[in-house]
Amino acid sequence: MTDRNARHQQSMQKLKTHVDGRVAAATEQRGLLMVFTGNGKGKTTAAWGTVTRALGYGYRVGVVQFIKGLWECGERERLAEDANLEVAVMATGFTWETQNRDSDIAACQNVWREAERMLADPGVYLVVLDELTYMLKFGYLDFATLEQALAKRPAEQTVIVTGRNAHRDLLAMADTVTEMQEIRHAFNDGLQARRGIDY
Ligand code: ATP
Ligand code: MG
């Protein structure tokens, strides 16, 4: 046992040296571009988790919901009362519902204007562009427009983009990219999405 304790102490000391070194090396301070992508569950949940974190410190946060704006969303319900949160939603059902490319594009452009305003506002600490990847994929928003808005945003502002099949150039620009990997999803076994759990 003493041996094991001694080995543990040594390995923790080694770990501490390593972690302290890494912490000391991280000296840059600025807002981040983060992408949560992949086929597994958790992208939007993680974004709202970060929203809650930022609001917890009294920062202003903007959330733009592409695609799923009209759907119920528990986090939005709960956090809406926070005056520091602004949510903009794409005011239409989507693609497989509307089946009308022109009206989808118009809806996308309208909500994108809200996004652009948030991305230009130095008072907004965090901007979430939820399900934005599909706008690029469908060609409703061009990458150059997004790239410009991201590039000229305030230095302290963090942006989170969520959605599957993220544009390669967006991934290249991002500071943090997390891919949610699907190991299994209950839906594929016929289990319905649950209120308060899945949305
Ligand atoms: P969540 O909102 O739960 O964090 P997500 O943002 O990672 O999920 P989306 O592709 O936006 O995933 O899907 C949103 C809805 O679809 C949620 O109700 C979610 O539970 C469900 N979902 C997520 N991943 C899968 C999957 N691999 N198969 C089926 N349904 C999924
Ligand atoms: Mg999502």
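The paragraphs below walk through this predicted model, from its overall layout to its ligands and then to a few individual residues.

Some ground rules come first. Residues are numbered from 1 along each chain as its sequence is written, chains are lettered from A and ligands numbered from 1 in the order in which they are written. Because the model is predicted, local features need pLDDT of at least 70 and side-chain atom pairs count only at pLDDT 80 or more, while totals for chains, interfaces and linings use all residues; side-chain values use heavy atoms, with hydrogens and water left out.

Let us begin with the overall layout. The protein has seven helices and six strands, where helices (H or I, at least four residues) and strands (E, at least two) are DSSP runs numbered from the N terminus. Followed along the sequence, these elements give the pattern α-β-α-β-α-β-α-β-α-α-β-α-β. The C-alpha trace spans about 70 × 45 × 35 Å along its principal axes. Of the 199 residues, 36% count as buried; buried means under 20% relative accessible area, exposed over 50%, and partly exposed in between, with a 1.4 Å probe and protein chains only.

What forms the largest nonpolar core? It holds 32 residues, and Phe66, Leu129, Met135 and Leu146 touch the most other members. Such a core is a set of buried Ala, Val, Leu, Ile, Met, Phe, Trp, Tyr and Cys residues joined through side-chain atoms within 4.5 Å. The elements that give two or more residues to this core are β1 (33–37), α4 (101–119), β4, α5, α6 (143–151) and β5 (158–162). Helix α4 supplies the largest share, seven residues. In soluble globular proteins, nonpolar side chains tend to be buried together.

Now turn to the magnesium ion, which is ligand 2. Its protein donors are Thr44 (OG1) and Glu131 (OE), lying 2.0 to 2.1 Å from the ion. Donors here are N, O and S atoms within 2.8 Å of the metal (3.2 Å for Na, K and Ca), and since water is not among the atoms, sites may look incomplete. Thr44 lies in helix α2 (residues 43–56) and Glu131 in the loop between β4 (124–130) and α5 (133–137), so the pair ties together parts that are 87 residues apart in sequence. Thr44 is partly exposed, with a relative accessible area of 23%, whereas Glu131 is buried, at 6%. Glu131 also has a positive phi, near 65 degrees, in a residue other than glycine.

Glu131 leads us on to ligand 1, since an oxygen atom of that ligand is 2.9 Å from an N or O atom in the Glu131 side chain. Another contact to look at is with Gly42, where a polar backbone atom lies 2.9 Å from an oxygen atom of ligand 1. A polar side-chain atom of His185 is 3.3 Å from a nitrogen atom of ligand 1. Polar contacts are pairs of N or O atoms within 3.5 Å; within protein, one must be able to donate a hydrogen and the other to accept it, and residues adjacent in sequence count only if both atoms are side-chain atoms. The protein covers 85% of the 570 Å² of accessible area that ligand 1 has on its own, by the Shrake-Rupley method with a 1.4 Å probe; for residues, only the protein chains shown count as cover.

Which residues come nearest to ligand 1? Of the 14 residues around ligand 1, they are Lys41, Lys43, Thr44, Thr45 and Glu182, a residue being near if one of its heavy atoms lies within 4 Å. The shell divides into one nonpolar, six polar and seven charged residues.

Next door in sequence, strand β4 holds Asp130. Asp130 is buried, with a relative accessible area of 4%, and a polar contact of 2.5 Å joins its side chain to that of Thr162.

A few other places reward a look. Asn165, in the loop between β5 and α7 (168–173), has a positive phi of about 50 degrees although it is not a glycine, and at 47% relative accessibility Asn165 counts as partly exposed. Val177 belongs to strand β6 (residues 176–179) and is partly exposed at 41%. Its C-alpha atom is separated by 7.5 Å from that of Thr37, 140 residues apart along the chain. Leu119, in helix α4, is buried at 2% relative accessibility. The C-alpha atoms of Leu119 and Pro154 are separated by 7.5 Å, with their positions 35 residues apart along the chain.

Methods. Nonpolar A, V, L, I, M, F, W, Y, C, P; charged D, E, K, R; others polar.
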